[in-house]
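Dear colleague,

I am handing over the structure below, and my notes on it follow. Please read them with the model open beside you.

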Amino acid sequence: MPLRDAIEQRYPHTGGLVPAMRERLISVCEEYLANGYGDGNAEQRLSSADLHIYWQQLSEVLLAHQLRAAGIAFSHQATGPDFRIDDDGRRIWIEVVTPTPANVPAAWLDPADNGVRDFPHEEILLRWTAAIKAKADVLIGNAGTAGYLASGIVAPEDCYVIAVNGRLMRGYDGAFDALYGISQFPFAVEATLAVGPLQVRLNRETFEASEPEHQRRCEILKPRGLPVPADTFLDAKFSPISAIWATDIDEFTLLDRSAKMVAVHNPEATHPIPVGFLPAHDEYVARILDESTYQLDRIEGRTAPPEETSVVVDVPA
């Protein structure tokens, strides 16, 4: 099916902002294809009736649009990560993934009414950790399969960024985004820096409560199987990963609506990317203080006025 026909079928509504968004989306997709930013099957994937296939490809289109809007030049190689950026002698690769909402409750994704609903933060976080691990394996290799590093596609001195779009894990009604977890930090922070929910400690003798603090959560329990690590960026194995570019971005950002994007930097990265390089409204930078503690700084990014706040977090031993 031609791209225009497929997108018109996917967005048939004629009211509100939909017609303007639809035309803008067709234009941006056509420009993306004409510039060769996608694989050979990109048009087929954008025309797919399968929601997940469509969004895997559309996320690349939307993030390419954000890079171009930020004035960041990039190219697409026939083999390798989705985007290659050559910047001031530095090569940065970006690999895009859109986690599917497997095991995220239907009551969250498609609520029966506008009443109270549970926030399935652990189920969503497990999808973030799975997506990050999958793209880490593509770089580093796993189970005897050579990754980009071993094959020479990504050089040891290159930077590597995993871009995750949480769009499919937000409720279909759009009432809540899928960028921030139960800790009030982004899911990308929870998945890589062992930051868990807020807690207070009670003194058993005086019953006095401590100041709220974040749990140190190194693993996330699964309904079945082994626990999933949530401390990727505190493990030297993953030092080839420079950062996570975490987003919850959809079609309507093409109508000049601000996209929700943060960058989470790897404190152990062999080759980090500069703070302020990626389009993001917030950036998270962890600085190791000693063997058991790091300081997590939130720095407003290039899409927001400069400001910095910090929180001290225990590093898993």
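A salt bridge is taken here as a side-chain nitrogen of Lys or Arg within 4 Å of a carboxyl oxygen of Asp or Glu. Please keep in mind throughout that this is a predicted model.

By this rule the count comes to 14 salt bridges, and I describe several of them here. The side chains of Glu31 and Arg68 meet in one, with 2.9 Å from N to O. Because Glu31 belongs to helix H2 (residues 18–34) and Arg68 to helix H4, this pair ties together parts that are 37 residues apart in sequence. Both ends fall between the cut-offs for buried and exposed, which are under 20% and over 50% relative accessible area: Glu31 is partly exposed at 34%, and Arg68 is partly exposed at 39%.

Two further pairs each join a buried residue to a partly exposed one. In the salt bridge between Arg84 and Asp86, the closest N and O atoms are 3.0 Å apart; Arg84 has a relative accessibility of 19% and so counts as buried, while Asp86, with 45%, is partly exposed. Lys133 and Asp137 meet through their side chains at 2.8 Å, N to O, and both sit in helix H6 (residues 121–140), four residues apart, which is about one turn of the helix. Here Lys133 is the partly exposed partner, with a relative accessible area of 44%, and Asp137, at 18%, counts as buried. Beyond these pairs, Arg170, Asp248, Asp250 and Arg257 are linked in a network of salt bridges.

Turning to the nonpolar interior, the largest core has 43 residues, of which Leu25, Leu58, Ile94 and Trp245 touch the most other members. Helix H4 (residues 51–69) supplies the largest share of this core, with eight residues. Apart from this core lies another, of 42 residues, which includes Tyr160, Ala178, Ala191 and Val195. As for Leu58 itself, once its neighbours within four places in sequence are left aside, this residue is in contact with Tyr11, Leu25, Cys29, Leu46 and Glu251.

Just ahead of H4, Ser48 is found in the loop that runs between helix H3 (42–46) and H4. Is Ser48 buried or exposed? With a relative accessibility of 17%, Ser48 counts as buried, since the cut-off for that class is under 20%. A polar atom of the Ser48 side chain lies 3.0 Å from the backbone nitrogen of Asp50. Leaving aside neighbours within four places in sequence, Ser48 is also in contact with Arg10, Ile53 and Tyr54.

Finally, there is the matter of open space. The largest pocket holds about 350 Å³, and 15 residues line this pocket, those closest to its centre being Asn103, Leu126, Lys222, Pro223 and Arg224. Which elements give two or more residues to the lining of the largest pocket? They are H6 and strand E7 (228–229), and H6 gives the most, with seven residues. Helix H6 therefore appears twice in these notes, as the site of the Lys133 and Asp137 pair and as a contributor to the pocket lining.

With best wishes

How values were computed:
Residues are numbered from 1 along each chain as its sequence is written. This is a predicted model: local features need pLDDT of at least 70, side-chain atom pairs count only at pLDDT 80 or more; totals for chains, interfaces and linings use all residues. Side-chain values use heavy atoms; hydrogens and water are left out. A nonpolar core is a set of buried Ala, Val, Leu, Ile, Met, Phe, Trp, Tyr and Cys residues joined through side-chain atoms within 4.5 Å. Buried means under 20% relative accessible area, exposed over 50%, partly exposed in between (1.4 Å probe, protein chains only). Contact means heavy atoms within 4.5 Å. A polar contact is a pair of N or O atoms within 3.5 Å; within protein, one must be able to donate a hydrogen and the other to accept it, and residues adjacent in sequence count only if both atoms are side-chain atoms. On a 1 Å grid over the protein atoms alone, a cavity is a set of points where a 1.4 Å probe fits but cannot get out, and a pocket is an open set with protein on both sides within 12 Å along at least five of seven lines; lining residues have an atom within 4 Å of a point. Grid points are joined across faces, edges and corners, and a volume is the space filled by probe spheres set on the points.
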